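Welcome! Here is a short briefing to read alongside the sequence and the 3D view. Take a look at both, and then we can walk through them together.

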Amino acid sequence: MLPTYERLNESKKVFFRLPFAKLAVIAVSLPLGAFFFCVLWSLKYDFVRSTFTHCDVANYLPSVSAAIGNYEPQKTVWRLAIFLHLPMRLAVAKMYLEYYRENIRRNRRMFGILACTLNVIEDFALFCLSLWTSADNYEIHRNSFVVFIACSECYMLISYMLNRSARKVVLLPQEEKSLKYKRNLFLVNIVAFGLAGYCFVRHNARCERGVYTFFALFEYIVVLTNMGFHMTAYWDFYALNVVCDAKNGLYLTHF
């Protein structure tokens with residue numbers, strides 16, 4: 001009798017399997033690397049133009065908008081990084097939706113859905129403010145920035161509170177580390193944002209030397225702490241793989 005072979009079930013075909021930690025690192029590394037490139041390139045090759053303001057006083061750092069959106073090649077590098085990392089950020093948001101459904105108490109799950117929705121809106125607002133710079137279309141850039149900041153701050157707060165107070169089970173050691181970083185990064189972010197706003201208003205009101213430099217510095221802290229907060233997904237999903245197959249689509253599975 002000839003041996004029989006089971007026909008391959010196409011519904012079980014796995015398109016890819018990736019440790020979530022790698023996905024988290026890649027998703028953050030793209031905008032992080034682009035951000036440092038844009039700032040350093042602006043300081044070296046576009047220092048005078050990128051640090052100039054209407055006050056015409058000495059400043060030593062470009063604002064985030066000037067560094068990433070006003071000159072080439074910075075503008076192209078930043079847009080490319082944001083475009084490439086957007087699908088990964090959206091995938092992470094989907095993973096968090098499943099994570100909250102499994103780990104958050106039923107009466108708090110609506111907050112988990114709200115957090116993930118805010119995260120997605122934040123991602124698209126970042127995409128829009130990168131695509132339309134203040135020089136290209138100030139109104140769209142401004143509105144996108146307002147939406148980005150509002151959603152970012154609310155998402156960080158809700159995410160932290162859910163993991164601190166709405167869990168069904170005790171946090172694992174890696175999740176405790178993630179929660180600690182979430183708290184610290186959120187606090188630094190909100191303080192830096194307040195200080196950046198103060199320096200911006202003071203610069204426009206008094207045109208003092210160097211004040212815009214502090215505004216730019218606090219902007220950098222806001223950007224970096226935002227990236228750091230999203231990087232805490234590394235610890236939330238440290239023991240998981242991201243799998244995509246024909247039957248279930250994108251989902252998480254243990255090693």
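Helices (H or I, at least four residues) and strands (E, at least two) are DSSP runs, numbered from the N terminus. With that in mind, Glu219 can be placed in helix α8, which covers residues 211–231. This is a predicted model, in which local features need pLDDT of at least 70 and side-chain atom pairs count only at pLDDT 80 or more, while totals for chains, interfaces and linings use all residues. Residues are numbered from 1 along each chain as its sequence is written, and side-chain values use heavy atoms, leaving out hydrogens and water.

**The overall picture**

- The protein chain contains nine helices and three strands.
- Followed along the sequence, these elements give the pattern β-α-α-α-α-α-α-α-α-α-β-β.
- The C-alpha trace spans about 90 × 45 × 30 Å along its principal axes.
- Of the 255 residues in the protein chain, 44% are buried; buried means under 20% relative accessible area, exposed means over 50%, and partly exposed lies in between (1.4 Å probe, protein chains only).
- About 14000 Å² of the protein chain is exposed, and carbon and sulfur atoms supply 66% of that area; accessible areas come from the Shrake-Rupley method with a 1.4 Å probe, and for residues only the protein chains shown count as cover.
- Contact means heavy atoms within 4.5 Å. Among contacts between residues at least 6 apart in sequence, 74% join residues at least 24 apart.

**The strands β1 and β2**

- Strand β1 (residues 14–19) and strand β2 run antiparallel and are joined by five bridges; two strands pair if DSSP finds at least two bridges between them.
- Phe16 has Cys244 of β2 as its bridge partner.
- Strand β2 spans residues 240–245, and six of its six residues are buried, so the strand is largely enclosed by the rest of the structure.
- Leu240, Val242 and Cys244 point one way from β2, while Asn241, Val243 and Asp245 point the other way, and all of them are buried.

**Residues in helix α8**

- Glu219 is buried yet has no salt bridge, and the nearest side chain of opposite charge, Arg142, is 14 Å away. Here Lys and Arg count as positive and Asp and Glu as negative, while His and the chain ends are not counted.
- Setting aside residues up to four places away in sequence, Glu219 touches Ser63, Val64 and Ala196.
- Thr213 is also found in helix α8, and it counts as buried because its relative accessibility is 12%.
- Thr213 touches Asn59, Tyr60 and Leu61, again not counting residues up to four places away in sequence.

**Ser152 in helix α6**

- Ser152 sits in helix α6, residues 138–165.
- With a relative accessible area of 2%, Ser152 is buried.
- Beyond its neighbours within four places in sequence, Ser152 is in contact with Glu122 and Asn226.
- Ser152 and Asn137 are 15 residues apart along the chain, and their C-alpha atoms are separated by 22 Å.

**Salt bridges**

- The whole structure holds 10 salt bridges, each one a side-chain nitrogen of Lys or Arg within 4 Å of a carboxyl oxygen of Asp or Glu.
- Arg49 pairs with Asp46 in a salt bridge whose closest N and O atoms are 2.5 Å apart, and Asp46 is buried, with a relative accessible area of 8%.
- Arg89 and Asp123 form another salt bridge, with their closest N and O atoms 2.5 Å apart. Arg89 lies in helix α4 (residues 74–103) and Asp123 in helix α5 (residues 109–131), so this pair ties together parts that are 34 residues apart in sequence.
- Both Arg89 and Asp123 are buried.
- Glu175 and Arg167 meet through their side chains in a salt bridge (3.1 Å, N to O), and both residues are buried.
- Lys75, Arg79 and Asp136 are joined into one network by salt bridges that share partners.

**A nonpolar surface patch**

- Leu187, Ile190, Val191 and Leu195 form a nonpolar patch on the surface, with about 310 Å² of accessible area together.
- Patches are made of residues with over 30% relative accessible area and no salt bridge, joining like charges within 9 Å and nonpolar side chains (Val, Leu, Ile, Met, Phe, Trp, Tyr) within 5 Å.
- Leu195, a member of this patch, lies in helix α7 (residues 173–206) and counts as partly exposed, at 35% relative accessibility.
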